Amino acid sequence: MRKLNNILLLIIAILLLITGCEDLGTLEDSQGSSIGNDSNLVIHFLDVGQADSILIQMPNGTTSLIDGGNRGDAGLIIDYIKGLKIQKIDYLIATHPHEDHIGGLPEVIKNFDIEKIYMPKKSASTKIFETLVAEIKNKGLKAVEGKAGIDIIMEDGLKFSILAPNSSEYSETNDYSIVTKLEYKDTSFIFTGDAEKPSENEMIKKGYNLSANVLKVGHHGGRTSTSEEFLNKIDPKYAVISVEKGNDYGHPHKETIERLTKKGVSILRTDEMGTIVLISDGTNIDIKGFDNTEDNVENSKENIERYIGNKNTKIYHSESCSSLPNKENQVEFKSTQEAENEGYQPHKACIKK
């Protein structure tokens with residue numbers, strides 16, 4: 001499956017090369033939003049199995065790569081980035097020194113111009129960590145300590161800030177994860193690495209504005225991340241989970257899924273959708289998924305957003321809402337607009353506007 005996914009991502013990259021940035025009709029969704037619009041913020045959650053790698057194309061023309069998957073994901077990540085005609089990564093963030101986050105970064109550093117590297121003040125006695133440090137040195141670079149309070153980008157309408165770590169002493173390496181918040185006009189995103197509850201609690205106590213439209217769920221959906229209190233502070237509409245189907249850890253854990261579902265959050269999973277691309281024009285967020293299956297190279301928002309109406313109450317719900325009507329009373333809509341055109345009103349708890 002991984003081989004197939006690599007091929008699919010390569011196909012996507014080739015399509016982007018062939019079509020250029022202004023003619024991505026086959027990748028446009030029903031709202032006509034284009035990946036190639038220079039004024040958009042584009043976030044690619046790469047399908048790197050049980051690992052993390054997130055590429056961000058900022059509307060100011062800079063790029064950021066948060067994590068680099070496992071060692072074996074390097075080729076996939078490099079091909080994908082090159083397929084977008086990106087030659088320079090302005091902000092490379094290695095959230096923490098576990099291999100599933102830094103494994104592909106040495107090869108990424110070899111293949112691209114790197115402006116700045118952020119890493120937490122946490123080392124590891126592993127071969128891949130040593131290789132990463134050596135490659136940074138070979139390139140004549142020096143990593144900056146990534147910690148709370150650093151503003152990576154601070155422009156009118158575009159902010160990229162580090163919210164964690166807030167301490168230099170944790171019992172778990174995961175809690176050293178660099179957590180970032182990206183804001184573009186009226187849309188916002190939080191990327192958590194593998195940060196767990198202790199780090200989440202610190203961010204809450206510090207009084208940071210954690211509210212965001214999209215949460216990249218911590219630690220691949222593990223039960224020790226995404227606490228209810230943290231989730232309440234963020235109050236996201238979407239949650240992205242980077243995870244491999246059938247992984248040995250049982251990720252995402254049932255408890256995490258239940259917490260997200262209870263809040264009516266739409267869950268986007270790389271094991272189900274493949275690489276997930278979110279596009280923000282500063283007001284709206286469009287979603288594109290590139291499925292792993294042979295029959296679905298291209299997926300779209302239509303395939304991941306469904307709304308369930310109640311024929312009796314004329315209320316419509318998100319598909320994951322805990323208050324869905326009985327089957328015999330359900331009617332399905334492909335968009336909120338379709339539901340409202342039919343005279344249905346949104347469920348107050350399940351539909352966020």
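Colleague: Which residues are exposed on the other side of α5, away from the buried ones?
Modeller: Those are Lys127, Lys137 and Asn138, where exposed means over 50% relative accessible area, buried under 20%, and partly exposed in between, with a 1.4 Å probe and protein chains only. This is a predicted model, in which local features need pLDDT of at least 70 and side-chain atom pairs count only at pLDDT 80 or more, while totals for chains, interfaces and linings use all residues. Residues are numbered from 1 along each chain as its sequence is written, and side-chain values use heavy atoms, leaving out hydrogens and water.

Colleague: And which residues of α5 are buried?
Modeller: Ile128, Phe129, Leu132, Glu135 and Ile136 are the buried residues of α5. They lie on the same side of α5 because they cover an arc of only 125° around the axis, the arc being that of the directions from the helix axis to the C-beta atoms. Helices (H or I, at least four residues) and strands (E, at least two) are DSSP runs numbered from the N terminus.

Colleague: What do those buried residues of α5 pack against?
Modeller: They pack against α3 (99-102), α4 and β5, with contact meaning heavy atoms within 4.5 Å. Just after α5, glycine 140 takes a positive phi of about 75°.

Colleague: Switching to the largest nonpolar core, which members touch the most others?
Modeller: Of its 31 residues, Leu65, Ile77, Ile81, Ile89 and Leu92 touch the most other members; such a core is a set of buried Ala, Val, Leu, Ile, Met, Phe, Trp, Tyr and Cys residues joined through side-chain atoms within 4.5 Å. The elements giving two or more residues to this core include α2 (74-83), β4 (88-93) and α5 (127-138), and α2 gives the most, with 5 residues.

Colleague: What is leucine 65 in contact with, leaving aside neighbours within four places in sequence?
Modeller: Its contacts include Ile77, Ile81, Ile89 and Leu92, and also Ser53, Ile54, Leu55 and Val108. A second, separate core of 30 residues includes Tyr184, Val240, Met273 and Ile285.

Colleague: Now α8, which residues are buried there?
Modeller: In α8 (residues 254-262) they are Thr256, Arg259 and Leu260. Because these cover an arc of only 95° around the axis, they sit on the same side of α8, whereas Lys254 and Lys262 are exposed on the other side.

Colleague: Which elements do the buried residues of α8 pack against?
Modeller: They pack against α7 (228-234), β12 (238-241) and β13 (266-269), and glycine 264, just after α8, takes a positive phi of about 75°.
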